[in-house]
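Open the structure in a viewer and keep the sequence at hand. The stops below say what to select and what is there.

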Amino acid sequence: MRLLVHSGCFKKTKVNGQEEAYGLTAASTLLIKDKPYCLSPTVSVFVDPFFVAPYQSLSSWFKGAELTLWETVHGIKFWEFMNQNPGINQRFNEAMASDTEILTSFVVKAECKQIFEGLGSLVDVGGGNGSLSRIISEAFPGIKCTVLDLPHVVANLPEADNLKYIAGDMFQFIPPADAFLFKLVFHGLGDEDGLKILKKRRAAIASNGERGKVIIIDIVINAEEEEHELTETKFLFDIVMSVNATGKERTESEWAKLFFDACFSHYKITPIFGMRFLIEIYP
Ligand SMILES: C[S@@+](CC[C@H](N)C(=O)[O-])C[C@H]1O[C@@H](n2cnc3c(N)ncnc32)[C@H](O)[C@@H]1O
């Protein structure tokens, strides 16, 4: 308990003015199940042995031929592993949904709301179990939302009038729409794959009479110094992305290079909350 108090998980308090007790801090309040804004599913995935194991095999990875540490340890790619382990897949999707819940009030209710206004349709690419699209479809009944994700992620999910699911591979097919949303998808992709996806979206926007945009919710590494722990967390995610896949976290200039290389003409970055940013990209 002394360590946990020191690291900010609990705080020491007095009960009835004298008996010593431990209370929750802002951080540990986020771990209480069945309360709004609960990050417990995310934490439980991040500390699970299946997730942590790759970090203990750096030397085998250096000597081996696999592209990622993940493949060195688990023998298959990250998303294939999820496909083959339904229980873990479900927990991973719930973890992503808990991350979305915490962002929601910022994305659809506050200053970011105007981003979705006026849209007739939106495809949430790699949208997981659709938690963000469900919220958008409820907040904006005029937008037809489609969630595209791998078959094992979107199987048997309940649809609504303006919320549909498509099982597929984003490298093969993304249906046409006024806007394409990618939340925490690009940081899992290297530049080559990211560019492939963006170039196809640019072509789709062109064939729609230059009508449309791409919306990315992801991490941006700030060039200027910011709060030490925030930068450290972004760098840790950078490592996680290169351990699990061939992804990485990007600075604004690295993001901009991707957008301009895919022939988009301009973009706008809005900080949302913590390390998350909302990026709009225009033809
Ligand atoms: C980090 S998760 C983000 C999920 C969701 N956007 C969110 O933020 O809650 C990345 C998602 O991309 C999906 N994905 C990975 N490769 C894909 C592919 N080739 N085609 C479609 N979806 C894919 C995964 O199944 C996963 O749901």
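Is Ser133 buried or exposed? Select Ser133 to begin, bearing in mind that this is a predicted model. Ser133 has 0% relative accessibility and the cut-off for buried is under 20%, so Ser133 counts as buried. Its place is in helix H9, which runs over residues 131-139. Show side chains here: those of Ser133 and Asp124 are joined by a polar contact of 2.9 Å. Asp124 is also in the list of residues that Ser133 contacts beyond its neighbours within four places in sequence, together with Leu122, Cys145, Val147 and Leu163.

**The ligand**

Next, select the ligand and display the residues around it. There are 15 of them, and those that come nearest are Gly126, Asp149, Asp169, Met170 and Lys183. Sorted by class, this shell has seven nonpolar, five polar and three charged residues.

Which polar atoms should be picked out? Start with Gly126, where a polar backbone atom is 2.8 Å from a nitrogen atom of the ligand. Then go to Asp149: an N or O atom in its side chain is 2.6 Å from an oxygen atom of the ligand. At Lys183, an N or O atom of the side chain is 2.7 Å from an oxygen atom of the ligand. On its own the ligand has 590 Å² of accessible area, and the protein covers 93% of that.

**From Lys183 to helix H8**

Keep Lys183 on display and add Thr100, since the two are in contact. Other contacts of Thr100, leaving aside neighbours within four places in sequence, are Ser131, Leu132 and Ile135. Thr100 belongs to helix H8, residues 86-109. With a relative accessibility of 5%, Thr100 counts as buried. For a long-range distance, draw a line from Thr100 to His6: the C-alpha atoms are 29 Å apart, and the two residues are separated by 94 residues in sequence.

**Arg276 and Leu184**

Select Arg276, in strand E10 (residues 276-282). Is Arg276 buried or exposed? Arg276 has a relative accessible area of 8% and is therefore buried. Its side chain makes a polar contact of 2.7 Å with the side chain of Asp99. Not counting residues up to four places away in sequence, Arg276 touches Asp99, Leu103, Leu184, Asp218, Ile219 and Pro271.

From that list, pick Leu184. Leu184 sits in the loop between strand E6 (179-183) and helix H11 (191-207). Its relative accessible area is 14%, so Leu184 is buried. Look at the backbone as well: phi of Leu184 is positive, at about 55°, although the residue is not a glycine. Most residues other than glycine have a negative phi.

**Asn156**

Another positive phi is found at Asn156, which is not a glycine either; the value is near 60°. Asn156 is placed in the loop between helix H10 (151-154) and strand E5 (163-167). At 78% relative accessibility, Asn156 counts as exposed, whereas Leu184 is buried.

**Aromatic rings**

Now colour the aromatic residues. How many aromatic pairs does the structure hold? The count is 18. One pair to zoom in on is Trp61 with Phe62: the centres are 5.5 Å apart, the planes make an angle of 40°, and the pair is tilted. The two residues fall into separate accessibility classes: Trp61, at 25% relative accessibility, is partly exposed, and Phe62, at 63%, is exposed.

Then select Phe46, Phe50, Phe51, Trp70, Phe78, Trp79, Phe81, Phe92 and Phe237 together; ring pairs link these residues into a cluster.

**Gly8**

The last stop is Gly8, in the loop between helix H1 (2-6) and strand E1 (10-15). The relative accessible area of Gly8 is 30%, which means that Gly8 is partly exposed. Residues that Gly8 touches, not counting those up to four places away in sequence, are Thr25 and Ala27. To finish, mark the distance from Gly8 to Gln84: 37 Å from C-alpha to C-alpha, with the residues 76 apart in sequence.

How values were computed:
Residues numbered from 1 in each chain as written. Predicted model: local features only at pLDDT ≥ 70, side-chain atom pairs only at ≥ 80, totals over all residues. Heavy atoms only, no water. Helix = DSSP H or I, 4+ residues; strand = E, 2+ residues; numbered from the N terminus. Buried < 20%, exposed > 50% of the residue type's maximum accessible area, 1.4 Å probe, protein only. Polar contact = N/O pair within 3.5 Å; in protein donor to acceptor, adjacent residues only side chain to side chain. Contact = heavy atoms within 4.5 Å. Near = heavy atom within 4 Å. Areas by Shrake-Rupley, 256 points an atom, 1.4 Å probe, with all protein chains shown as cover. Nonpolar A, V, L, I, M, F, W, Y, C, P; charged D, E, K, R; others polar. Phe/Tyr/Trp six-rings, centres within 6.5 Å; stacked < 30°, edge-to-face > 60°.
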